[in-house]
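Student: Please choose a single part of this model and look at it closely with me, giving the cut-offs behind each term as you go.

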Amino acid sequence: AVQKTYIMIKPDGVKNKHIGEIVNRFERAGLAVERMELGMVTPEQAAANYAEHEGKPFYNGLIEYITSGPVVKMIISGDGAVAKCRSLMGATNPADAAPGTIRGDFGLVMDENVIHGSDSPESAEREMGIFFA
Ligand code: CMP
């Protein structure tokens, strides 16, 4: 089924100039960019997006990091877009991400892992509402 998913290139991905390569990978996989915007994440958006991690040891650093510089916010659509994007991104921890995946090729450490993508169609709906209200 055709789905939409929320994808965000994190501050390290923008800083290290991986925007073009990342968008290229999604397009080559047959997915389409529906919305795309470069800008800052507000503290409110960060808290809403990462509500499930509140109270975890890495939470404060995560919020500080995601609001530290410009990100690219995207809505990507296509057949099975949620799972397709997650497989293109690779494992959350770049150290575990396979070569050929976005995090495997460009990720440095767990906290700066290049990209965020919704983990289910339900999170996609929620996250698109947070970032493209
Ligand atoms: P993301 O998929 O954006 O969702 C939460 C982020 O928290 C995750 O990517 C990582 O960048 C970051 N993070 C840092 N430490 C951890 C951890 N121990 N477990 C999961 N996520 C972590």
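Tutor: Helices and strands here are DSSP runs, counted from the N terminus, where a helix is a run of H or I with at least four residues and a strand a run of E with at least two. With those assignments, valine 114 falls in the loop between α6 and β4 (115-117), and this loop, with the strand that follows and the ligand, is the part to examine. The model is a predicted one, in which local features need pLDDT of at least 70 and side-chain atom pairs count only at pLDDT 80 or more, while totals for chains, interfaces and linings use all residues. Residue numbers start from 1 along each chain as its sequence is written. The chain has an average pLDDT (the predictor's confidence in each residue, from 0 to 100) of 97, with 100% of the residues scoring at least 70, and the model as a whole scores ipTM 0.92 and pTM 0.96.

Consider the backbone first. Most residues other than glycine have a negative phi. Valine 114, however, has a positive phi near 70°. A residue counts as buried if 20 or more other C-beta atoms, placed from the backbone, lie within 10 Å of its own, as exposed if 12 or fewer do, and as partly exposed in between; valine 114 is therefore buried, because it has 26 such neighbours. Lysine 17 makes a useful contrast, since this residue, also not a glycine, has a positive phi of about 65° but sits in the loop between α1 and α2, where it is exposed because only 9 other C-beta atoms lie within 10 Å.

Histidine 116 comes next, in strand β4, and it is buried because 20 other C-beta atoms lie within 10 Å. UniProt lists His116 under "active site" in an unreviewed entry; its positions follow the numbering used here, with feature names shortened, and its annotations may be inferred rather than shown by experiment. If neighbours within four places in sequence are left aside, histidine 116 is in contact (C-beta atoms, placed from the backbone, within 7 Å) with Met8 and Lys10. Of these partners, Lys10 is among the residues that UniProt lists for "binding site" in an unreviewed entry, whereas Met8 is one of the residues touching the most other members in the largest nonpolar core, which has 25 residues. Such a core is a set of buried Ala, Val, Leu, Ile, Met, Phe, Trp, Tyr and Cys residues joined through C-beta atoms within 7 Å. Ile115 also belongs to the group touching the most other members.

The ligand has around it His53, Phe58, Leu62, Thr92, Met110, Asp111, Asn113 and His116, a residue being near when its C-beta atom, placed from the backbone, lies within 6 Å. This shell divides into three nonpolar, four polar and one charged residue, where Ala, Val, Leu, Ile, Met, Phe, Trp, Tyr, Cys and Pro count as nonpolar, Asp, Glu, Lys and Arg as charged, and the others, Gly among them, as polar. Phe58, Thr92 and Asn113 from the shell are also among the positions on the "binding site" list. Phenylalanine 58 lies in the loop between α3 (43-49) and α4 (59-66) and is exposed because 12 other C-beta atoms lie within 10 Å. Arginine 86, also on the UniProt "binding site" list, is found in helix α5 (residues 81-89), is partly exposed with 18 neighbours, and contacts Gly117 and Asp119 once its sequence neighbours within four places are left aside.

Methods: Contact = placed C-beta atoms within 7 Å.
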